[in-house]
Amino acid sequence: MSAIHIVRDYPHSPQKVWRAVTDPELIPRWTATGAGARPEGFATTVGTTFKFVAKPKPGWSGVVVCEVLEVCEPSLLRYSWQDESGGEVTEVAYRLEPHGTGTRFTYDHTGFTGAGGFFMAKILGTVRTKMLTKGLPAVLNDLDDQGNLRPESP
């Protein structure tokens, strides 16, 4: 079984990081460095079904169907992940913990099987690494200490 495991430390509070990764208005800002997915129907409530909608690519509609499986604000968000056209259901987890004066963010995407899953994990892992290394820090820097977008932010 293949998986994606990324750990990043951010010089921001867990509450601020939580807001950036769970606010439907902010999510497209940091996913823009990847496929640019925006959530439709997302809420941090267990049982919520939602979609991530990105720009379609050859062989992919750009839509992923998800369901929130577990929430413990501001330290854990876990949801299922399945391509709109079907296929295996995988799981994504965001884990946040205080680390020094900031936050350690752990991203896990598990459940990829077979050769196709291996390649999907490699592709998605590269994209997720970029989003968490470039996209998310930029959004975090655009937020004030209360987690609100600064007025000068686009």
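This briefing walks through the strands, core, rings and charged pairs of the structure above. The model is a predicted one, so please read every value here as computed from that prediction. Two themes to look out for are an aromatic cluster that includes Phe50, Phe52 and Tyr79, and a set of six salt bridges. Several residues come up under more than one heading, so keep the structure in view as you read.

**Strands and how they pair**

- Let us begin with strand S3 (residues 49-53), which pairs with strand S4 (residues 63-72) in the antiparallel sense over five bridges.
- Within that pairing, Thr49 faces Glu67 of S4.
- S4 also pairs with S5, again in the antiparallel sense, and here there are eight bridges.
- In this second pairing, Val68 has Tyr79 of S5 as its bridge partner.
- Three residues sit between S4 and S5, and the two strands form a hairpin.

**Thr48, a residue in a loop**

- Where is Thr48? Look in the loop between strand S2 (38-40) and S3.
- Thr48 counts as buried, because its relative accessibility is 15% and the cut-off for buried is under 20%.
- Its side chain comes to 2.8 Å from the backbone oxygen of Thr45.
- Setting aside residues up to four places away in sequence, Thr48 touches Gly41, Phe42, Ala43, Cys66, Glu67 and Val68.

**Val71, a residue in strand S4**

- Val71 belongs to strand S4.
- Is Val71 buried or partly exposed? With a relative accessible area of 26%, Val71 is partly exposed.
- Its contacts, leaving out neighbours within four places in sequence, are Trp18, Thr44, Thr45, Val46, Leu76 and Leu77.
- Val71 and Tyr94 are 23 residues apart along the chain, and their C-alpha atoms are separated by 9.6 Å.

**The nonpolar core and helix H1**

- The largest nonpolar core holds 35 residues, and Trp30, Phe52, Tyr79, Tyr94 and Phe105 touch the most other members.
- Which element gives the most to this core? Helix H3 (residues 114-141) does, with seven residues.
- Tyr79 has a long list of contacts beyond its neighbours within four places in sequence; among them are Phe50, Phe52, Cys66, Val68, Leu69, Val92 and Tyr94.
- Helix H1 (residues 14-22) is largely enclosed by the rest of the structure, because seven of its nine residues are buried.
- Those buried residues of H1 are Pro14, Lys16, Val17, Trp18, Ala20, Val21 and Thr22.

**Aromatic rings**

- How many aromatic pairs are there? The count comes to 10.
- One of these is the pair of Phe50 and Phe52, which is edge-to-face, with 5.3 Å centre to centre and 80° between the planes.
- Phe50 and Phe52 are both buried.
- A single aromatic cluster takes in Tyr10, Phe42, Phe50, Phe52, Tyr79, Trp81, Tyr94, Phe105 and Tyr107.

**Salt bridges**

- Side chains of opposite charge can pair when their charged atoms come close.
- The structure has six salt bridges, and the bullets below introduce some of them.
- Asp9 pairs with Arg104, and their closest N and O atoms are 2.7 Å apart.
- This pair links distant parts of the chain, with Asp9 in strand S1 (residues 2-10) and Arg104 in strand S7 (residues 102-112), 95 residues apart.
- Asp9 is partly exposed, with a relative accessible area of 40%, and Arg104 is partly exposed at 25% relative accessibility.
- Glu40 forms a salt bridge with Arg38, and here the closest N and O atoms are 3.1 Å apart.
- Glu40 counts as partly exposed at 37% relative accessibility, and Arg38 does too, at 41%.
- Arg78 and Glu91 meet through their side chains in a salt bridge of 2.8 Å, N to O.
- Arg78 lies in strand S5 (residues 76-83) and Glu91 in strand S6 (residues 90-99), so their salt bridge ties together parts that are 13 residues apart in sequence.
- Glu91 counts as partly exposed, with 30% relative accessibility.
- Glu70, Arg78 and Glu91 are joined into one network by salt bridges that share partners.

Note on methods. Residues numbered from 1 in each chain as written. Predicted model: local features only at pLDDT ≥ 70, side-chain atom pairs only at ≥ 80, totals over all residues. Heavy atoms only, no water. Phe/Tyr/Trp six-rings, centres within 6.5 Å; stacked < 30°, edge-to-face > 60°. Buried < 20%, exposed > 50% of the residue type's maximum accessible area, 1.4 Å probe, protein only. Salt bridge = Lys/Arg side-chain N within 4 Å of Asp/Glu carboxyl O. Helix = DSSP H or I, 4+ residues; strand = E, 2+ residues; numbered from the N terminus. Pairing = 2+ DSSP bridges. Polar contact = N/O pair within 3.5 Å; in protein donor to acceptor, adjacent residues only side chain to side chain. Contact = heavy atoms within 4.5 Å. Core = buried A, V, L, I, M, F, W, Y, C linked by side-chain atoms within 4.5 Å.
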